[in-house]
Amino acid sequence: MPELPEVETTKRGLEPLLVGQTIAAVKIRDPRLRWPVETTLPARVETQRIRSLDRRGKYLIVSLDDGAMLIHLGMSGRLRYVTDESPPANHDHFEIAFSSGSKLRFNDPRRFGSLHFSDMPESHWLLKNLGPEPLGDGFTADYLYGISRGRRVAVKQLIMNGNIVVGVGNIYASEALFRAGIRPTRPAGRIAKHRYIGLVDSVRSVLEEAIRAGGTTLRDFRDGDGQAGYFQQELSVYGRAGESCDRCSEPIRQKTIGQRATYYCVACQR
Ligand SMILES: [Zn+2]
């Protein structure tokens, strides 16, 4: 499933290809995505120019002269920039054709992705309740400490809640908690402020490393398969149940928290 780092590298890969292009036509081959694509969408965006490409959480925001398109990659979505006359592939659900002759195609076998148009994207229902960006200025130890007071929820669930902070998926939450030395099951409201300083640093560094790894493995979006790729990041705990901890050689434990597999070291994380 594309996580924040994969969406960010998709954004960086496509940005130079899309910004400045004029949309000639939008073809919806199958509107049955996670939410049905509105039939009025093509008419809203055709003839418009793309001003910028941004990311908010795991949404790509394609800003136009008037309004914006919101694209989510879902579980298996992928964007591919095509400059030749190759026919659409199976699961290519929509296509944005530009006046330059090139096209952007969205392929999504599982159809959990989405496409919306919005006049005011920042107040769109999908975006308006999102927490701060983990790599932005709003995600600080003060913020996390303050919002966690009085909460009994496990700290791992707190940082995976998109209304608290966006884009911290299961792998990144497990790895960040290991780096910060915090047990994932610990009630969020019982963690001291200085430990949240370490956690914020760890969340940022884990995500930044994944983005860097993605940047180096990012394949060319132009006529390529457009796969931002899964990043060959060194994982300290995730998926390593029973193996010995790199720091202390205790076996890594696995536990389910909020229906998600969670990995941690009982000796290093308290
Ligand atoms: Zn350990």
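Okay, let me start with helix 1, and with its buried residues: Leu4, Pro5, Glu6, Val7, Glu8, Thr9, Thr10, Gly13, Leu14 and Leu18. Bear in mind as I go that this is a predicted model.

So how far apart are the end C-alpha atoms of helix 1? They sit 20 Å apart, and that agrees with expectation, because 15 residues at 1.5 Å a residue should span 21 Å. Just after the helix comes Gly20, with a positive phi near 95°.

Now, zooming out for a second. The protein has six helices and 10 strands in its secondary structure. Its radius of gyration is 20 Å, against 18 Å from the globule rule for 270 residues; those are close, so the protein is as compact as a globular protein of that length. If you'd like a box, the C-alpha atoms fill one of roughly 60 × 35 × 30 Å along the principal axes. As for burial, 39% of the 270 residues count as buried. And take the contacts between residues at least 6 apart in sequence: 64% of them join residues at least 24 apart.

How is the protein divided into domains? Domain 1 covers 4–123 and domain 2 covers 141–264. Their C-alpha centres lie 29 Å apart. For the rest of this talk I'll go through two sheets.

Sheet one, then. It's an open sheet of four strands, in the order 2-3-4-8, with antiparallel pairing. Strand 2 and strand 8, which is 114–118, are the edge strands, each pairing on one side only. On average, neighbouring strands here are turned by 20° against each other, ignoring direction. And this is where helix 1 comes back: residues 4–18 pack on this sheet, touching strand 2 and strand 3, and the helix direction makes about 175° with that of strand 2.

Let's walk across it. Strand 2 is residues 50–56 and strand 3 is residues 59–64; they run antiparallel, and six bridges join them. If you want a spot to click on, Ile50 stands opposite Leu64 in strand 3. The two strands form a hairpin with two residues between them, and one thing to look at in the turn is Gly57, with a positive phi of about 60°.

On the other side of the sheet, strand 4, residues 68–72, pairs with strand 8, again antiparallel, over five bridges. Which residue stands opposite His72 in strand 8? That would be Ser114.

A quick reminder while we're on strands: they pair in a sheet through backbone hydrogen bonds, either parallel or antiparallel.

Sheet two. This one is also an open sheet of four strands, with the order 1-6-7-5 and antiparallel pairing. Strand 1, at 23–28, and strand 5, at 78–82, are at the edges with a single partner strand each, so one side of each is left without a neighbour in the sheet. The twist here averages 15° from one strand to the next.

To pick out one pair, strand 1 goes with strand 6, residues 92–98, in the antiparallel sense, and there are five bridges between them. Within that pairing, Ala25 has Ala97 in strand 6 as its bridge partner.

So, to leave you with a picture: one sheet in the order 2-3-4-8, with helix 1 packed on it, and another sheet in the order 1-6-7-5. That's what I had; happy to pull up any of these on the screen.

Key. Residues are numbered from 1 along each chain as its sequence is written. This is a predicted model: local features need pLDDT of at least 70, side-chain atom pairs count only at pLDDT 80 or more; totals for chains, interfaces and linings use all residues. Two strands pair if DSSP finds at least two bridges between them. Axes are lines fitted to C-alpha atoms, for helices over the stretch in contact, and angles run from 0 to 180 degrees between N-to-C directions. Two residues are in contact if their C-beta atoms, placed from the backbone, lie within 7 Å. The expected span of a helix is 1.5 Å times one less than its number of residues. A residue is buried if 20 or more other C-beta atoms lie within 10 Å of its own, exposed if 12 or fewer, and partly exposed in between; C-beta atoms are placed from the backbone. The radius of gyration is taken over C-alpha atoms; the globule rule is 2.2 Å times the number of residues to the power 0.38. Domain bounds come from an automatic or database domain assignment.
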